[in-house]
Amino acid sequence: MKVLISDNLSEVGVKVFEEAPGIGVDVKVGLSEDELVEVIGGYEGLVVRSATKVSSRVIEAAGRLKVIGRAGVGLDNIDVEAASRRGVVVMNVPGGNSLSAAEHTIALMMALSRNIAQADASMKEGKWEKKRFQGRELCGKTLGIIGAGRIGRIVADRAKGLKMEVVVYDPYINVEVLERLGLEPVSLDELLSRSDYVSIHVPKSDETVGMIGEEEMRKMKGGAMLINCARGGIVDEDALYRVLKEGHLGGAALDVFSTEPPGKIPLMELPNFICTPHLGASTREAQENVARQIAEQMVDYLLH
Ligand code: MLT
């Protein structure tokens, strides 16, 4: 049996395939859709991160394919419906990079509050703008977390360590469960109006695309800050530009964009906007975790 790895996967994962009896592995990164269509017929397994788009065309051409593994959480680059129609199992590894994503969220919240990115850029231009970059403390502020799954819960825990008040909105989790976790469940409207910082931790779906639009941003406190390390498109980028430009929100940080890479979008002209190129899961630890876990799951499935 053969497995194709079509995105950069940590060596740890490649090794799991290499050591599995009866499984051969090829690593071919950067294939176009046409190239993938051409070669996929020779493989029982396909491993991707987020760069490879596993379209229905790819799946139609994959006569021997049994399993697609996503070394990460989000499945939005895989046509799961087309795979299911062909009886191809799609698996992900939900927990492996949660900690890294949560830590990146905290890093962006701190960077926003203390103007780290802007002050760094200013100093590298030879300036010394102490007054311009006065920040604010996180202690005692309220963080509103939208989505209290794995990542949202870690963010809540770290925020409490910083002595922040935490409120959460998650209509899919039982109120008693949230309360047992020490989280205060509130409605979305209450979260928006009470929070000094709002951070999003929901998957991308029909229900969540555009979830934070202009109306929601205007319900946020004046000067509040918005962070999205979940998926692009959940925050309306055009609305965010307007609301930041007129100063209703104090700042925003995006790690994810409706189109990735986004190119030079208008938001990037604003001094109260900072961004990173989908780095939430980009740590050595997280990449080793997801690579090892997806490889073990796929070997298990293919052999047993
Ligand atoms: C994920 O879905 O696992 C993360 O967003 C990381 C990634 O896409 O690489």
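Modeller: In this predicted model, a residue counts as buried when its relative accessible area is under 20%, and as exposed when that area is over 50%.

Biologist: Which residues of helix α1 are buried?
Modeller: Helix α1 spans residues 11-19. The cut-off for burial is under 20% relative accessible area. In α1 the buried residues are G13, V14 and F17.

Biologist: Why do the buried residues lie on the same side of α1?
Modeller: In general, an α-helix has 3.6 residues a turn, so residues three or four places apart point the same way. G13, V14 and F17 are buried. They lie on the same side of α1 because around the axis they cover an arc of only 100 degrees.

Biologist: Which residues on the other side of α1 are exposed?
Modeller: The buried residues of α1 have a cover that includes β1 (2-5), β2 (24-27), β3 (45-48) and α12 (284-303). On the other side of α1, the exposed residues are E11, E18 and E19.

Biologist: Which are the edge strands of the open sheet of 7 strands?
Modeller: With parallel pairing, the strand order is β8-β7-β6-β9-β10-β11-β12. An edge strand pairs on one side only, and this holds for β8 (184-185) and β12 (273-275).

Biologist: In β9, which residue is the bridge partner of L143?
Modeller: Strand β6 (residues 142-146) runs parallel to strand β9 (residues 197-200), and 4 bridges join them. The partner of L143 in β9 is Y197.

Biologist: What angle does helix α11 make with β11?
Modeller: Helix α11 covers residues 237-245 and lies across β10, β11 and β12. Its direction relative to β11 is about 150 degrees.

Key: Residues are numbered from 1 along each chain as its sequence is written. This is a predicted model: local features need pLDDT of at least 70, side-chain atom pairs count only at pLDDT 80 or more; totals for chains, interfaces and linings use all residues. Side-chain values use heavy atoms; hydrogens and water are left out. Two strands pair if DSSP finds at least two bridges between them. Helices (H or I, at least four residues) and strands (E, at least two) are DSSP runs, numbered from the N terminus. Contact means heavy atoms within 4.5 Å. Axes are lines fitted to C-alpha atoms, for helices over the stretch in contact, and angles run from 0 to 180 degrees between N-to-C directions. Buried means under 20% relative accessible area, exposed over 50%, partly exposed in between (1.4 Å probe, protein chains only). The arc is that of the directions from the helix axis to the C-beta atoms.
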